[in-house]
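Colleague: Please walk me through this model. I'd like to pose a few questions and hear how you reason your way to each answer.

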Amino acid sequence: MDVVITTLAERPELAGPLRRMPAGWPEFVQHDPVNRDLFALLATTFPEFTLVATDPGGQVAARAHSVPFALAAPGRATLPDGGWAQVMTWAFADELGAAPARREAAGPDAAGLAAAADTVSAIEVAVRPDLRGAGLSGAMLRAMRENAAPRGLVAPVRPTGKHLEPATPMAEYAFRTRGDGLPADPWLRTHVRAGGVIESIAPASMTVAGSLARWRSWTGLPFDADGWVEVPGALVPVRCAVAHDHAVYVEPNVWIRHPAG
């Protein structure tokens, strides 16, 4: 599809339409604490790392969020088991730490990326529902890679087919391949075709905990028995504890590293 991809820093007038574009994520995902508290701040905090695609009519067709962070900072060094939520937290912590120095700096270069950031992590690629299947997700991934250069892009990937096999361990699912050697999962395959390499599993990339009443409202399921509950859209089952009136979902993702440059 013919689209124009820019950063939000270049097209700040698209902030509202970008935010309002439906992404189709399951309701319960919105209640991960990091998602709830930080996701809405991505566009304003990291506009240089927020990409937006517009269709020939000027409407938002897709968006891609990413964040810069210092992987080489003390106590980090390796891609974290905490995946998506952890790199979000690192990025905002790094940005907050860099803010005083930027306030003392002069000129337009004072805004944006903390100087110590050595890595960029993908956070989300979302395509407008009526345009899915047109190859836009791959185009946004390529644009995100180019925008991350020369630091290199990593991605805590949420495989698109995993929700169909919630009982399968992610370590087994992620490394399943087709006859041509490429990943069986479509979104993992897109990353690998683009040059990415599966590096590790992030076993606790997102955590959603809530009362049983909240889980019933999020999913429409009864949550009335102890044990594992398979929830539509969830990559693994949700653990329900009736006596304690809570259920917990811990989502694994797959770390993929794209080459720098």
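Modeller: Happy to; contact here means heavy atoms within 4.5 Å. This is a predicted model, where local features need pLDDT of at least 70, side-chain atom pairs count only at pLDDT 80 or more, and totals for chains, interfaces and linings use all residues. Residues are numbered from 1 along each chain as its sequence is written, and side-chain values use heavy atoms, leaving out hydrogens and water.

Colleague: Which residues does A194 touch, not counting residues up to four places away in sequence?

Modeller: A194 sits in the loop between α7 (186–193) and β6; helices (H or I, at least four residues) and strands (E, at least two) are DSSP runs, numbered from the N terminus. Its relative accessibility of 23% makes A194 partly exposed, the class between buried (under 20%) and exposed (over 50%), with a 1.4 Å probe and protein chains only. Leaving out residues up to four places away in sequence, A194 is in contact with L141, R145 and H258.

Colleague: Which strands do the buried residues of α8 pack against?

Modeller: Helix α8 (residues 212–219) buries L212, W215 and W218. Down the axis of α8, these buried residues fall within an arc of 120° (taken from the directions from the axis to the C-beta atoms), so they line one face of the helix. That set of buried residues packs against β6 (197–210), β8 (238–241) and β9 (246–257).

Colleague: Which strand gives the most to the lining of the largest pocket?

Modeller: On a 1 Å grid over the protein atoms alone, a pocket is an open set of points with protein on both sides within 12 Å along at least five of seven lines, whereas a cavity is a set where a 1.4 Å probe fits but cannot get out; lining residues have an atom within 4 Å of a point. The largest pocket holds about 1300 Å³, a volume being the space filled by probe spheres set on points joined across faces, edges and corners. Of its 46 lining residues, A23, W25, E124, V125 and A126 are the closest to the centre. With 6 residues, the strand that contributes the most is β4.

Colleague: E124 caught my eye there; which residue forms a salt bridge with E124?

Modeller: A salt bridge needs a side-chain nitrogen of Lys or Arg within 4 Å of a carboxyl oxygen of Asp or Glu, and here the closest N and O atoms are 2.8 Å apart. The partner lies in strand β3 and E124 in β4, so the pair ties together parts that are 61 residues apart in sequence. E124 is buried at 3% relative accessible area, and its partner is R63.

Colleague: How many residues apart are R128 and D55?

Modeller: Their side chains meet in a salt bridge, 3.2 Å from N to O. R128 is in the loop between β4 and α5 (136–148), and D55 in the loop between β2 (50–54) and β3 (60–69). Both R128 and D55 are buried. Along the chain, the separation of this pair is 73 residues.

Colleague: Now the backbone: which peptide bond is cis, with omega near 5°?

Modeller: Look at the loop between α5 and β5 (153–157), where P150 lies. The cis bond leads into that proline, from A149 to P150.

Colleague: And what is the phi of A77?

Modeller: A77 belongs to the loop between β3 and α4 (83–104). Its relative accessible area of 58% makes A77 exposed. Although A77 is not a glycine, its phi is positive, near 75°.
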